[in-house]
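This report describes selected packing and pairing features of the structure shown below. The strand arrangement is treated before the helices.

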Amino acid sequence: MTDSASLFHVIDPRIFKRPLLDQLCALATRARSLSRTDQGARALHDLLSTRRAMLYFTQPSTRTFLSFSNACHVLGIRTSEIRDPSTSSEVKGESFEDSIRTFSSYVDVIVMRTKESGRAAQAARLMDGIPRPVPVINAGSGSDQHPTQALLDIYTLQRSFENRGGIDGKVIGMMGDLKRGRTVRSLCYLMKNYVGVRLVFIAPQQFAMEPDVKAHLDEHGIPYTETTRLADVLPALDAIYVTRMQTEWDTAGESRNVELSQFSIGTPELSALRPDAIIMHPLPRGPEIDPAVDQDPRAMYWRQERNGMWMRVAVLVKIFAAEDRIAAIG
Ligand code: CP
């Protein structure tokens, strides 16, 4: 298990323990603070300027790709990218393993998103068996896991509740397509690190949270309840994490059978939400959050996506063991 001492591959959120989560949040805040002055931004840009990163995103992405790309730019890391496999030698029949090994010949870290579950883990196992392994970061693997999204979600929750005792003791609702949403699956796996957290799953029955995640919560004594009725639970929530229907995984239009208005936040729902609660969403959004909600101070999703860049800066700083150097910047 990973403690606060070191970080190499980032594949499964279950490796993260509280000291490392707290350290990553502190690193993200440190980088954010340094970037506010030209001198600080230049020092950050020098920090990892001898490093190179491969951004291998063969499944669509806007913010994960851009936040990793810009996190690299913040730290001076030069980037290469493949976003369309038809432009790589995979079209000539090169295997996935040979492609990954080739990337590792040129760069110091591989950040990857794939449509298939388990590909990042496969790449990490490959790296562990070669003479020059480089770390692999899972930037979203199928409908399975999205660990750096979970880290930025933790950072957002921590910042939002920093004057209310942090994440410990909070009631966190997760709503939408919980069955196929990798962000909520990964976030659930981090909850074991916080004391007294309670989860409330609000989902259509056919898109309820999967048994493997519930078994993990049971194993770690994290209480959760499940409902299809948002109105019954909304007033009790400190945070509501809204997700879209993951229509890309439909095989026969299953998402169309959901009455989405029952799993949405609009201005009528705002009046039932606590004044100090927050609304999160990993984005991109569909109709489940009315754009009118954006004006409400409890809407945290745009700050959440920006937090993603700083958390990915923190992850890269930690992987390259530059935390002492960032602390020493004057
Ligand atoms: N939250 C998230 O993963 O967004 P993208 O799919 O745009 O990267």
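## Strand pairing

In this predicted model, methionine 175 has isoleucine 202 of strand 6 as its bridge partner. Strand 5 (residues 171-175) and strand 6 (residues 198-202) are paired in the parallel sense, over 5 bridges.

## The open sheet

An open sheet of 5 strands has parallel pairing and the order 7-6-5-8-9. The edges are occupied by strand 7 (224-227) and strand 9 (278-280); each has a single partner strand, so one side of each remains without a neighbour in the sheet. On average, neighbouring strands of this sheet are turned by 20° against each other, direction ignored.

## Helices on the sheet

Helix 6 (residues 147-160) packs on the sheet, where it touches strand 5, strand 8 (239-242) and strand 9. The direction of helix 6 makes about 165° with that of strand 9.

Helix 8 (residues 211-219) also packs on the sheet, in contact with strand 6 and strand 7. The direction of helix 8 makes about 145° with that of strand 7.

## The buried side of helix 4

In helix 4 (residues 96-106), the buried residues are Phe96, Ser99, Ile100, Phe103 and Ser104. These residues lie on the same side of helix 4 because they cover an arc of only 140° around the axis. In general, an α-helix has 3.6 residues a turn, so residues three or four places apart point the same way.

The cover over the buried residues of helix 4 includes strand 1 (52-57), strand 2 (78-82), strand 3 (109-114) and helix 5 (119-127).

Technical notes
Residues numbered from 1 in each chain as written. Predicted model: local features only at pLDDT ≥ 70, side-chain atom pairs only at ≥ 80, totals over all residues. Heavy atoms only, no water. Buried < 20%, exposed > 50% of the residue type's maximum accessible area, 1.4 Å probe, protein only. Helix = DSSP H or I, 4+ residues; strand = E, 2+ residues; numbered from the N terminus. Arc of directions from axis to C-beta. Contact = heavy atoms within 4.5 Å. Pairing = 2+ DSSP bridges. Axes fitted to C-alpha atoms, helices over the stretch in contact; angles between N-to-C directions.
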